[in-house]
Amino acid sequence: EDFDQPPTGGSDPKLNVTTTIKELKAMRTAAAFDEITDDLIIKGVVVADDASGNWFRAFVLQDSTAGIEILIDQADSYVNFPRGREVYVKLKGLYLSDYNELIQLGGFIERDGSLGPVVKLTDHLVKSVDRPVPAPKVKKISELTKDDVSTLVTIEGKVNFVDQNVTFADAINQTATNLDLADCDGNTVIVRTSGFADFAGETVPSGGG
């Protein structure tokens with residue numbers, strides 16, 4: 001009459017990981033799309049999900065080498081793929097493309113020529129256990145490179161928003177906004193926020209820090 005307690009943190013299927021996310025992103029060419037035809041598997045930890053509304057039908061997966069945004073045909077995907085969830089991705093049959101030079105992984109090519117999401121989730125995405133979210137790399141704005149895209153980063157040194165007394169995005173019209181974050185040397189990086197984010201209507205911090 002005694003039953004085993006289901007593992008609350010999930011279980012590791014221990015799939016054979018054959019490539020890293022950095023190696024996967026290196027497969028991106030100048031073509032509109034790159035179909036993955038080999039039986040490749042990556043593994044990473046979810047570092048950004050759609051819980052806040054700042055992402056939509058997507059999450060960001062990061063391993064020790066790089067990170068990548070994965071388009072997924074599921075609203076509120078954070079229920080299954082929250083921050084800290086380790087995920088294996090079976091890559092055969094998926095596609096690489098990019099949006100404004102942001103490399104993305106998706107499931108098919110839409111009729112309008114854009115990258116569609118992964119639809120057959122159980123064929124490609126395998127949930128594993130809960131893991132600690134990777135510690136952010138500590139960098140100055142001037143040290144950021146494309147290798148840091150889709151990874152967690154802490155900006156070192158005093159920074160401030162160039163525009164003050166503004167909100168992160170337009171929460172009324174639900175449109176995204178780009179804001180410049182600057183350091184004392186005048187280097188800047190864009191902070192982009194979706195108008196659907198639950199913090200879109202909050203005023204950005206004043207001063208520097």
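**Predicted model: overall fold and the R28 site**

**View 1. Burial and surface of the protein.** Of the 209 residues in the protein, 39% are buried (under 20% relative accessible area, with over 50% called exposed and partly exposed in between; 1.4 Å probe, protein chains only). This is a predicted model, in which local features need pLDDT of at least 70, side-chain atom pairs count only at pLDDT 80 or more, and totals for chains, interfaces and linings use all residues. Residues are numbered from 1 along each chain as its sequence is written, and side-chain values use heavy atoms, with hydrogens and water left out.

**View 2. Fold and dimensions.** The protein holds two helices and 15 strands (DSSP runs numbered from the N terminus: helices are H or I, at least four residues; strands are E, at least two). The C-alpha trace spans about 55 × 55 × 35 Å along its principal axes.

**View 3. R28 in its loop.** R28 sits in the loop between helix 1 (21–25) and strand 1 (34–35). Is R28 buried or exposed? R28 is buried, at a relative accessible area of 16%.

**View 4. Polar partners of R28.** The side chains of R28 and D98 share a polar contact of 2.7 Å (a pair of N or O atoms within 3.5 Å; within protein, one must be able to donate a hydrogen and the other to accept it, and residues adjacent in sequence count only if both atoms are side-chain atoms). A polar atom of the R28 side chain also lies 3.3 Å from the backbone oxygen of A32.

**View 5. Contacts around R28.** Neighbours within four places in sequence are left aside here. R28 is in contact with F33, D34, L96, S97, D98 and I103 (heavy atoms within 4.5 Å).
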